[in-house]
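Subject: Structure for your review

Dear colleague,

Please find the structure below, handed over for your study. My notes on what was found follow directly after it.

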Amino acid sequence: MTDSCHGGGTTSVASDAARVVLVGSPNAGKTSIFNRLTGLNAKTGNYPGVTVGRSTGLLTVDSLRFSIEDLPGTYGLSPISPDEQVVVSALSGALPGIGSPDALVLVVDATTLRRSLHLVAEVLALHQPTLIALTLTDELGARGGTLDSAALGRALGVPVVGVIAHRGLGIAELRSALTSWREWSRPVLDAPADAAELAAWVDSVLLTARYRPAGPDRRTARIDAVLLHPVWGTLVFAAVMVAFFQVIFAFAAPLQGLVEVLFAGLADLVDRFVPWPWLAGLLGDAVLGGVGGVVIFLPQILLMFLLVSVLEGIGYMSRAAFLMDRVMGAAGLEGRAFVALLSSFACAVPGIMATRTLPSAKDRIATMMAAPLMTCSARLPVYILLIGLLVSPDERFGPLQVQGLVMFALYLLGALSAMVAAWIVKAVQDRDGLLMPFYMEMPPYRIPTLRSIALSMWGSATAFLRKCGSIILVTTILLWLLLNLPLHTDAELRAAGLDPADDGAVSAYVLDTSAAGAIGRAVEPVFDPLGFDWRVNVGVLASLSARETFVATLGQIASATDPDNPADALAAMTYTDGAHEGEPVFSAPTVAALLVFFVYALQCMSTVGVMRRETGSWRWPLIAFGYMFALAWLGAWLAHGAVLLATAAGPTP
Amino acid sequence: MIPTHPEAVAGEPDSLRWILPAGILPEGDVLAVPGVLGALLAAGTVQQMRVDHAGLVIGLGQGATWPGEGAAVRAALHAALNQAGAWTLDEGPDRSTDARLRAATEAVLAGRAGDFIRSHGGSIALVSARDGVATVRLRGACAGCPAVSLTLRARVERDLREAYPQLRAVRAG
């Protein structure tokens with residue numbers, strides 16, 4: 001769920017390596033084993049449905065090379081959703097360009113062995129060399145269960161290796177077992193197809209393996225009695241979310257201070273040592289002021305992914321999904337859709353990919369149309385910047401910072417809007433759709449490992465920085481050119497009544513007469529009712545590539561105006577001309593309108609691209625872009641008007 | 001339906017041991033079986049069947065293979081197990097109930113329960129097996145240990161009852 005945009009490393013794989021495919025039920029621990037075997041960092045969570053699509057890595061044991069492939073979890077081999085189809089195609093060798101695998105590692109969760117044996121029966125019937133990696137035996141034992149894994153191996157006729165992947169136990173044995181994959185024992189006879197005979201087979205295998213199922217996890221049951229309670233559970237959920245955003249505001253500020261000091265130091269160096277003014281401008285304004293303005297939000301991003309991965313690793317996210325399933329049911333969507341929407345909390349791209357777990361194509365479309373409304377981490381820098389302009393950090397509501405509460409409200413608005421949007425899309429195109437049954441496993445509460453938390457934070461930080469270094473940097477440099485062209489000679493400046501030695505006045509003039517200025521002014525009729533001036537317009541237009549670019553653009557404009565104190569420059573920015581000349585740009589109504597605009601607008605080309613790929617046509621991405629822009633404009637206009645009325649009626653602060 | 005699953009038999013590639021819960025069939029060579037399984041035996045698809053301590057070993061005749069015939073044999077076996085009383089077995093001269101109890105007890109003492117006792121510095125040996133009562137002797141660290149009766153009940157008796165359901169008691173002698 002905390003997949004970051006554009007993450008998911010797939011290394012190219014040599015063809016001489018034996019292809020080993022990991023297969024198993026959701027949440028059995030395939031990806032943990034995959035990571036341990038390959039040293040790669042695929043995302044894991046205490047949460048079914050984390051892996052969507054395939055990822056591949058390399059492993060070398062005793063000079064033998066293996067390509068290890070991780071597949072999405074599946075309960076059986078009769079596919080009902082696109083991601084289960086991936087598993088079946090991969091196992092049968094039906095994926096174009098890729099043959100069938102050489103060997104299978106079937107990952108089986110010891111705590112759900114009885115249910116898992118049905119998948120085992122189906123996989124063994126494929127007649128591939130198969131090894132069973134038995135996971136969570138530690139938890140089985142802790143909860144009073146027993147299992148003789150050697151007897152299980154004899155009963156099934158295949159090798160069985162116990163693995164506790166998160167602690168790295170059994171990985172060495174698994175590695176060395178892989179080397180002899182050609183000699184693995186194979187069952188002589190398939191498990192029966194007849195249901196009653198299959199049940200007798202399962203009973204007999206479990207008896208022989210002296211399987212005693214884990215007792216109910218009493219601790220989990222007691223906690224769930226509260227956390228899944230319709231009233232208490234919902235209250236706890238709300239409290240967790242409020243605390244979540246409080247933490248992001250309260251703890252990120254000092255860290256952010258450090259990053260700011262770093263960038264201030266860099267700006268100083270540029271000032272002193274870069275001789276050419278145009279390069280100093282590019283480095284100082286575009287790279288440090290613009291991209292740097294986005295990078296300073298790294299602490300918030302890290303903190304958010306830390307909290308999300310802790311909540312997820314503990315197992316709380318599944319409970320949240322369970323609580324939300326009631327709400328989703330009212331919106332006509334099944335619980336699997338919530339998992340996809342929850343993924344969009346980090347980024348809409350993995351969220352849209354997660355819709356592959358939905359069996360119904362119409363549900364997929366409805367979920368995809370809603371996913372970009374969920375508040376993704378790209379909105380975080382924009383929200384923090386704008387909330388900082390709207391509310392002072394000292395304002396409190398009881399013990400809570402108002403900044404955090406506003407943030408919570410924005411996330412809530414996004415989530416509710418996503419539900420409504422999904423409901424409408426579903427109602428319009430699928431009037432008599434049946435709700436398919438949804439099984440979501442409630443994993444027992446577990447203490448997350450430092451490793452999985454660190455992986456999640458590392459993944460999100462690198463994805464964020466990569467995005468800053470690519471699309472945001474490119475857009476920002478482009479904007480820097482637009483903001484600084486055309487060039488003016490000293491004669492022109494004097495003709496305009498300016499002293500070429502007055503840097504502040506010159507840069508204001510350059511900005512004002514720039515190409516970007518012309519563009520910003522050209523779209524003024526569209527955005528004027530929302531209270532946006534031409535500079536804000538430039539930022540909004542730039543943010544269509546990626547939302548953070550808005551912050552970069554404003555940072556650039558501000559640092560051009562007042563290089564020493566861009567934050568104050570932003571707060572003090574006034575209209576330079578027109579009917580509102582002299583009025584502050586970032587007045588409360590305008591900031592509110594901007595916030596609402598960013599809640600709704602689809603300002604992310606990656607999302608549009610992945611939507612095009614997943615639906616196979618431009619139709620749905622265009623519909624999404626259009627309806628979200630309309631919604632954003634309308635919502636921003638309403639917010640602008642409402643705040644204007646409220647501040648006019650009430651005493652001005 | 002009686003739970004069963006096949007396991008490979010070392011050294012007999014044409015045979016599978018169908019693991020059965022203890023006490024369904026007495027040990028010995030199978031002479032006659034009711035129903036379809038009997039017909040398969042008569043036709044030579046199934047060449048031989050014998051019941052041992054763990055289950056029923058079925059050997060296929062020439063030309064028959066498990067992938068080919070397995071599903072039919074399994075269905076026939078399930079049907080035949082529902083009338084376990086109608087099977088005819090040659091239990092052999094050595095197959096008195098006492099002998100079976102003795103064999104089962106020795107297997108248990110050599111197995112996990114015995115391993116547990118030996119891992120605690122004790123030793124256990126069979127004294128007698130008669131009329132459903134197995135008498136054992138505990139030595140070494142077990143002598144005088146207050147947990148002896150617990151070990152006997154929780155480990156030896158439990159495992160032995162699985163292998164020999166007619167067990168009446170395990171006694172320390």
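In this predicted model, 16 residues of chain B are in contact with 16 residues of chain A. Which elements of chain B give two or more residues to the side that touches chain A? They are the strands β1 (5-8) and β2 (15-19) and the helix α2 (66-81) of chain B. The largest share comes from α2(B), with 5 residues. Sorted by class, the side of chain B that touches chain A holds 10 nonpolar, 4 polar and 2 charged residues.

The strands of chain B deserve a closer reading. Six strands of chain B form an open sheet with antiparallel pairing, and their order across the sheet is β1-β2-β5-β4-β3-β6. Why is one side of β1 and of β6 (88-90) of chain B left without a neighbour in the sheet? Both strands stand at the edges and each has a single partner strand, so there is no neighbour on one side. From one strand to the next, the twist averages 35°. When you look at the side chains, please keep a general point in mind: in a regular strand they alternate between the two faces of the sheet.

The pairings can be followed strand by strand. I suggest starting with β4 (residues 46-51) of chain B, which runs antiparallel to β5 (residues 55-60) of chain B and is joined to β5(B) by 5 bridges. Within this pair, R50(B) has V57(B) as its bridge partner in β5(B). The link between β4(B) and β5(B) is a hairpin through 3 residues.

β4(B) also pairs with β3 (residues 28-32) of chain B, in the antiparallel sense and over 2 bridges. Here G28(B) finds its bridge partner in β4(B), namely V51(B). Which strand pairs with β3(B) over 3 bridges? That strand is β6(B), and the sense is again antiparallel. One of the residues to locate is D29(B), whose bridge partner in β6(B) is D90(B).

Finally, some notes on chain A. Its secondary structure comprises 28 helices and 8 strands. Of the 653 residues in chain A, 49% are buried. Among the contacts in chain A between residues at least 6 apart in sequence, 74% join residues that are at least 24 apart.

Yours sincerely,
A colleague

Definitions and conventions. Residues numbered from 1 in each chain as written. Chains lettered and ligands numbered in written order. Predicted model: local features only at pLDDT ≥ 70, side-chain atom pairs only at ≥ 80, totals over all residues. Helix = DSSP H or I, 4+ residues; strand = E, 2+ residues; numbered from the N terminus. Buried ≥ 20, exposed ≤ 12 C-beta atoms within 10 Å, placed from the backbone. Contact = placed C-beta atoms within 7 Å. Nonpolar A, V, L, I, M, F, W, Y, C, P; charged D, E, K, R; others polar. Pairing = 2+ DSSP bridges. Axes fitted to C-alpha atoms, helices over the stretch in contact; angles between N-to-C directions.
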